[in-house]
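The following note is offered to a colleague who is opening this structure for the first time. Its points are numbered so that each may be checked in turn.

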Amino acid sequence: MERVLELARRGIGRVNPNPLVGAVIVKDGEIIGEGYHECYGRAHAERNAVKNATKDVEGSTIYITLEPCAHYGKTPPCVDLLIQNKFKKVVIGMLDPNELVAGKSIEKLKQHGIEVIVGVKEEECKKLNEIFIKYITSKIPFVILKSAMSLDGKIATYIGESKWITSKESREDSQNLRNRMHSIMVGVNTVIADDPELTCRINSEKNLIRIIVDTNLRIPLNSKVIKNQDKHTIVATTLSADENKKQMLRNLGIKIIEVPSKNDKVDLKEFVKRLGQEGIDSILVEGGGTLNFSALQEDIVDKVIVYIASKILGGEKSKSIIAGQGFSKLEEAVQLTDMRYRKTGKDLFIEGYIIKK
């Protein structure tokens with residue numbers, strides 16, 4: 001199953017909104033076939049493993065990270081493939097949370113006399129597919145808030161210099177995170193201040209959807225996210241924003257999503273729901289302190305990732321990772337759980353999951 005997980009990870013950045021799935025076929029103690037879900041819309045892991053098998057798979061055991069599909073989608077049901085090829089045993093990491101599957105494949109396999117084992121390295125399989133699990137059960141994107149800061153919580157010096165606070169290793173690691181996600185979100189202040197491209201540098205084929213939260217449509221028409229239209233860009237704004245500016249952006253190929261305002265800003269919770277309806281399964285929030293606080297305040301964040309540099313910037317006017325009004329009482333503070341730590345170059349990487357209230 002370790003090998004199966006390794007294979008599944010090869011699909012990172014190419015399968016959204018599908019799950020990451022790997023498969024290994026074993027016969028007489030020998031691996032005779034391997035496969036993984038390589039790209040959205042293409043063959044599933046089980047079919048690739050069978051296609052790549054060096055021997056007849058009849059009577060063999062297949063190991064897969066996720067319960068095989070039982071319904072027609074972009075491809076035929078994989079459970080039927082396993083039955084037709086007369087597998088003896090199927091070892092599954094985790095059940096498919098999709099209500100179209102959800103145990104149906106396991107029952108069908110058993111009805112055809114195939115032994116089924118479920119739950120091998122289940123936690124690892126769930127961690128691998130945490131995005132898929134949330135999206136397929138709620139149709140709401142999995143949201144990661146990511147930031148890089150100094151040891152004292154600053155994201156820029158008091159004169160606004162921010163490149164580069166963290167190490168080259170941390171920046172490369174961050175690109176791997178972008179490759180994992182379906183979209184990236186920033187606020188209009190970040191666009192105005194930094195004019196970022198919001199692309200994935202390690203995967204030129206990655207269609208990372210760029211999302212700009214812009215309540216009053218202040219985004220410059222000559223900004224890189226507007227001019228570079230080989231990538232999909234969405235601008236979130238309110239119903240009361242300037243209609244002429246909306247039309248100008250649409251004429252430039254920008255998708256405008258209008259949502260009601262909340263506290264004189266884009267209603268982020270409603271906006272994230274709309275993004276889910278657009279088929280977007282995950283969002284990487286890389287905003288400044290204002291957007292970061294709003295995202296936490298509106299409870300749209302599932303996971304927080306922070307790169308902490310071994311630097312101290314200081315300064316009352318230096319921008320912080322979280323701005324906004326803040327929470328007035330400790331009991332209102334956002335709490336995290338399942339914290340994990342590792343080093344990236346000279347920096348410290350920290351991730352944790354938001355405890356939902």
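1. Two strands are said to pair if DSSP finds at least two bridges between them. With that in mind, one may ask which residue of β13 is the bridge partner of Leu145. The partner is Val285. This model is a predicted one, and the points below should be read accordingly.

2. The pairing just named belongs to an open sheet of nine strands, whose order is β10-β9-β8-β7-β13-β6-β14-β16-β15 and whose pairing is mixed. The edges are taken by β10 (255–259) and β15 (336–344); each has a single partner strand, so one side of each is left without a neighbour in the sheet. On average, and with direction ignored, neighbouring strands of this sheet are turned by 20° against each other.

3. Helix α6 (residues 130–138) packs on this sheet, where it touches β6 (142–149), β13 (282–285), β14 (303–308) and β16 (347–354). The direction of α6 makes about 140° with that of β6.

4. Strand β6 deserves a paragraph of its own. It runs parallel to β13, to which four bridges join it, and it also runs parallel to β14, with six bridges between β6 and β14. In the latter pairing, Ser147 has Val306 of β14 as its bridge partner. Is β6 mostly covered or mostly uncovered? It is mostly covered, with seven of its eight residues buried.

5. Elsewhere in the nine-stranded sheet, strands β7 (residues 183–187) and β8 (residues 209–213) pair in the parallel sense over five bridges. One of the residues concerned is Gly187, whose bridge partner in β8 is Val213.

6. There is also an open sheet of five strands, in the order β2-β1-β3-β4-β5, again with mixed pairing. Its edge strands are β2 and β5 (115–118), each of which pairs on one side only. From one strand to the next the twist averages 15°. Within this sheet β1 and β2 pair in the antiparallel sense over six bridges, and Val26 has Ile31 of β2 as its bridge partner. Helix α2 packs on the sheet, touching β1, β2 and β3, and its direction makes about 135° with that of β2.

7. Which residues of helix α2 (residues 45–52) are buried? They are Ala45, Glu46, Asn48, Ala49 and Val50. These buried residues pack against β1 (22–27), β2, β3 (61–66) and α3 (78–84).

8. Gly33 gives a view of the same region from the strand side. It lies in strand β2 (residues 30–36). With a relative accessible area of 4%, Gly33 is buried, because the cut-off for that class is under 20%. Not counting residues up to four places away in sequence, Gly33 touches Ala23, Val24, Ile25, Ala49, Asn52 and Ala53. Gly33 and Asp56 are 23 residues apart in sequence, and their C-alpha atoms are 9.9 Å apart in space.

9. Ser294 is found in helix α12 (residues 289–297). Its relative accessibility is 11%, so Ser294 counts as buried. Leaving aside neighbours within four places in sequence, Ser294 is in contact with Lys265 and Leu268.

10. The second largest pocket has a volume of about 620 Å³. It is lined by 21 residues, and Ile12, Lys127, Arg180, Lys303 and Glu351 lie nearest its centre. The elements that give two or more residues to this lining are α5 (122–128), α6, α7 (168–180), β14, β15 and β16. Which of the elements gives the most? It is α7, with five residues. By class, the lining has nine nonpolar, two polar and 10 charged residues.

11. Enclosed space is a separate matter. Rolling a probe the size of a water molecule over the atoms shows where empty space is left. A search of the whole structure finds one cavity of 30 Å³ or more. The largest cavity has a volume of about 50 Å³. Its lining consists of Asn16, Asn18, Pro19, Leu20, Leu128, Asn129, Ile131, Phe132, Arg180 and Asp281. By class, these are five nonpolar, three polar and two charged residues. Arg180 thus appears both in the lining of the largest cavity and among the residues nearest the centre of the second largest pocket.

Terms used. Residues numbered from 1 in each chain as written. Predicted model: local features only at pLDDT ≥ 70, side-chain atom pairs only at ≥ 80, totals over all residues. Heavy atoms only, no water. Axes fitted to C-alpha atoms, helices over the stretch in contact; angles between N-to-C directions. Contact = heavy atoms within 4.5 Å. Buried < 20%, exposed > 50% of the residue type's maximum accessible area, 1.4 Å probe, protein only. 1 Å grid on protein atoms, 1.4 Å probe; cavity = no way out; pocket = protein on both sides within 12 Å on 5 of 7 lines; lining within 4 Å. Points joined across faces, edges and corners; volume = space filled by probe spheres on them. Nonpolar A, V, L, I, M, F, W, Y, C, P; charged D, E, K, R; others polar.
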